[in-house]
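This report describes parts of one protein chain for a reader who has not met it before. The sequence and the model come next, and the text then moves from a sheet to the helices beside it.

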Amino acid sequence: MSFLIGLCIVTVLIGIAVLYGLVKLKSANKLIFYLVLGGLAIIVILGLYNGLVIKKYQVSTHKFKLEQPIKIALLTDLHSYNYGKEQEKLLEKLNEQEPDLILLSGDIVDDEEPIKGVTYLLEGLQNTVPIYYVTGNHEYWTGEIEQIKTFLESYGVIVLEEDYRVEMIKGMPIIIAGISDPDKWRGLYSETGFELAYVELEEKVVKERGYKILLSHRPEFVDLYSRGEYDLVVSGHAHGGQVRVPGLINGLYAPGQGGFPKYAGGSYNLLNGSNLIVSRGLSINKRLPRIFNPPELVMIEINGTR
């Protein structure tokens, strides 16, 4: 649907440009004008492609040595979207990657769309590998956050709320911590509540020994994340900045960051030496097309190098 909306917008713009060319330009310049216009139209239409892609990142740690990397699947901002019949396209791609761990970093459930897409996803992943989840803002916007957490837990998903668990994966301790979306503290000053909760969680996690991962929906709190001892922080929320120009603009706009967001999607090195990986998300907005910004399933490989 978003592709068709975008295509209509492009068609209208091209029509306006064509009329301008017919009226304003001299015949000698019209051929060049239409060649350039046609090339731009092809580029924009290609940019509207919304097929699901797999984005891979590799990170290294000196905390342990591994014969094989630990593979983590990061799913964010699904917004209840359904890929094919009963989520088969997403599940097929996910199963092909054979992850050791699945992280759901918020906005898996949408506040306006039916929950069926999430149901199909969880049915397909049930009893496979450990799955961890933290809330996003849209889950709070439903007004049914407790029901959503209970729903996820019924499929074996571990909901993290300012808490952590230790998973032994390939014989190595992986500490997985999670903090709720700042909308949990709505009514208080959200950022203050979120910051206090982060500090309290950090005090719990600091005593653990192992590779430490933080799930947090919003990437813009980088100053806070840089003060922690996490090796890896994973987020979403920015939707890739919605519109991208590869090699030039990494994102046009993201909530919480505004125009030309720095953390729209990708891998970033924080001041404390940890990695922040931001997924561009899985949803396809019916009203706002993604430009050069296809939805992505993120795969992270942790390599041990002692």
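In this predicted model, Val59 stands opposite Ile302, a residue of strand β14. Ser60 has Asn303 in β14 as its bridge partner. Strand β1 covers residues 53-61 and pairs with β14 in the parallel sense, over 9 bridges.

Ile302 also appears in a second pairing. In β14, Ile302 is the bridge partner of Ile70, and Val298 is the bridge partner of Leu74. Strand β2, residues 70-75, pairs with β14 in the antiparallel sense over 5 bridges. Strand β2 also pairs with β3: the two run parallel and are joined by 4 bridges. Within β3, Leu101 is the bridge partner of Ile72.

The table gathers the three pairings.

| Strands | Sense | Bridges |
|---|---|---|
| β1 and β14 | parallel | 9 bridges |
| β2 and β14 | antiparallel | 5 bridges |
| β2 and β3 | parallel | 4 bridges |

In general, strands of a sheet pair through backbone hydrogen bonds, in either a parallel or an antiparallel way.

In what order do the strands of the open sheet lie? The order is β1-β14-β2-β3-β4-β5, which makes an open sheet of 6 strands with mixed pairing. At the edges are β1 and β5, the latter spanning residues 158-159, and each of these two pairs on one side only.

How many residues of β14 are buried? Strand β14 runs from residue 296 to residue 304, and 7 of its 9 residues are buried, so that the strand is mostly covered. Strand β2 is largely enclosed by the rest of the structure, because 5 of its 6 residues are buried.

Helix α3, made of residues 88-97, lies across four strands of this sheet, namely β1, β2, β3 (101-105) and β14. Its direction is at about 160 degrees to that of β2.

Helix α3 also packs against another helix. Helix α4 takes in residues 116-125, and its axis is 10 Å from that of α3, at an angle of about 30 degrees. The crossing of α3 past α4 is right-handed. Which residues meet where the two helices pack? From α3 come Leu90, Leu91 and Leu94, and from α4 come Tyr120, Leu121, Gly124 and Leu125. Sorted by class, this contact has 6 nonpolar residues and 1 polar residue, with no charged residues.

A charged residue is found elsewhere, in helix α6. This helix spans residues 145-153 and includes Lys149. Is Lys149 buried or exposed? Its relative accessible area is 6%, and because a residue under 20% counts as buried, Lys149 is a buried residue. The side chain of Lys149 makes a polar contact of 2.7 Å with the side chain of Glu161. Apart from neighbours within four places in sequence, Lys149 is in contact with Val159 and Glu161.

Some totals place these details in the whole chain. The protein has 8 helices and 14 strands. It has 306 residues, of which 52% count as buried. Among contacts with a separation of 6 or more, 70% are between residues 24 or more positions apart. The pairing of β1 with β14 joins residues 53-61 to a strand near the other end of the numbering, and Val59 opposite Ile302 is one of its residue pairs.

How values were computed
Residues are numbered from 1 along each chain as its sequence is written. This is a predicted model: local features need pLDDT of at least 70, side-chain atom pairs count only at pLDDT 80 or more; totals for chains, interfaces and linings use all residues. Side-chain values use heavy atoms; hydrogens and water are left out. Buried means under 20% relative accessible area, exposed over 50%, partly exposed in between (1.4 Å probe, protein chains only). Two strands pair if DSSP finds at least two bridges between them. Contact means heavy atoms within 4.5 Å. Axes are lines fitted to C-alpha atoms, for helices over the stretch in contact, and angles run from 0 to 180 degrees between N-to-C directions. A crossing is left-handed if the near helix is turned anticlockwise from the far one by less than a right angle, and right-handed if clockwise. Ala, Val, Leu, Ile, Met, Phe, Trp, Tyr, Cys and Pro count as nonpolar, Asp, Glu, Lys and Arg as charged, and the others, Gly among them, as polar. A polar contact is a pair of N or O atoms within 3.5 Å; within protein, one must be able to donate a hydrogen and the other to accept it, and residues adjacent in sequence count only if both atoms are side-chain atoms.
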